[in-house]
Amino acid sequence: MYTPQILKALHNIEADPELKLVYQKQHRSPSSVSFSIKRFAATPNFNEENGGLMVYHIAAKPEENYFELRYCLSGGRYCEEQNCSLCKDFVTDLCTVSVPCVDVFSFRFTPDLMLPFVTGVKKEHKKDHILSFTFPQSFNKFFPVCNKIKLTLQSMLSHHFSGSTENIFLTARAHELLLYSLECLIEDNEEQIFTCKFLADERGRDKIYQARDILLQHIGSPLTIKELSRKVAINECYLKKGFKEVFGATIFEFYQQQRMEHAKFLLYEKNLSVTDVSDILGYSSISHFSAAFKKHTGLKPCELLR
């Protein structure tokens, strides 16, 4: 189990307010991996534990889809005297002015960025659907930091590149992290077997996926099951059973989950007000939205505002 400090760092990409930011490097570009590297001076009681988190986000608008890899790495040391002899290659415990630190990393991948890697690839496994953004549900999943990931992260803090060559180096390392993290996270060898007979037909499955897409398109204007079944031309009973089997949730559960994931995106990423998000998602009152949000996330909407 991760400590509350690790969980907070992974979820918010910000360490505990008590931790002092001593270094940061950010790179944001629509044509390459956007990343953030932050080092915080650790407090004496900080538990030295490492963790990773994948955040996969499917939005109503495809251009807002993304997935992030986040890591929290502890046990390092930071020294501002980079030119001293002891710090020439890396900071050691012999350095009298260095401090223990906690490193928080974030790497964001977009559909446009991943397109060259998934074009023409047959989607046989879960990771193929994630990389091509065809996996239907948003999710957050923790995973351990293996030695390969740890060494790659550490190399991003101890290199000697600068300027454009530094961005090239860090982008290359970000793709390595993607590869290693997928190996740690995804199991490919599961074959999906359906109990609903009509799902054995590809056309039947297509109707279920079409229903999913329509739900996402109407994220702010809920449809009844009758309306949805008419739009995809399938029996209501088949639609409900097929949807539950394909996505592991009822239509209502899936819709509410996506609604709340989109709410988190609008609140945290877009910095919209609670009132605006409530209106966008079609809630009749702020109180109804706040209650639904807290039931789903355990937080009040205002607690997610930056």
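Three worked exercises on a predicted model follow.

**Exercise 1. Confidence**

Find which helix has the lowest mean pLDDT and which the highest, and decide how to treat residues 85-93.

Solution. Start with the whole protein: its mean pLDDT is 79, and 81% of its residues reach 70 or more. Next, go through the elements. Helix α1 (residues 4-12) has the lowest mean, 55. Helix α7 (residues 225-232) has the highest, 94. Now take residues 85-93. Their pLDDT stays under 50. The model still gives this stretch 15 contacts beyond four places in sequence. Where pLDDT is low, predicted coordinates should not be read in detail.

**Exercise 2. The largest nonpolar core**

Describe the largest nonpolar core and name the helix that gives the most to it.

Solution. Count first: this core has 68 residues. Helix α9 (residues 251-269) gives the most, with eight residues. Then look for the residues with the most contacts inside the core; among them are Phe67, Phe107, Phe109 and Phe289. Finally, list the neighbours of Phe67. Leaving out residues up to four places away in sequence, they include Val55, Tyr56, Phe107, Phe109, Met114 and Leu178.

**Exercise 3. Helix α8**

Trace α8 from start to end and locate its buried residues.

Solution. At the start, a side-chain oxygen of Asn235 reaches to within 2.7 Å of the backbone nitrogen of Cys237. The helix itself runs over residues 236-247. Its 12 residues reach 16 Å from first C-alpha to last, close to the 16 Å expected. Buried in α8 are Leu239, Gly242, Phe243, Val246 and Phe247. They cover an arc of only 105° around the axis, so they lie on the same side of α8. Gly248 follows the helix, with a positive phi near 70°.

Key. Residues numbered from 1 in each chain as written. Predicted model: local features only at pLDDT ≥ 70, side-chain atom pairs only at ≥ 80, totals over all residues. Heavy atoms only, no water. Core = buried A, V, L, I, M, F, W, Y, C linked by side-chain atoms within 4.5 Å. Buried < 20%, exposed > 50% of the residue type's maximum accessible area, 1.4 Å probe, protein only. Helix = DSSP H or I, 4+ residues; strand = E, 2+ residues; numbered from the N terminus. Contact = heavy atoms within 4.5 Å. pLDDT = per-residue confidence, 0-100. Expected span 1.5 Å × (residues − 1). Arc of directions from axis to C-beta. Polar contact = N/O pair within 3.5 Å; in protein donor to acceptor, adjacent residues only side chain to side chain.
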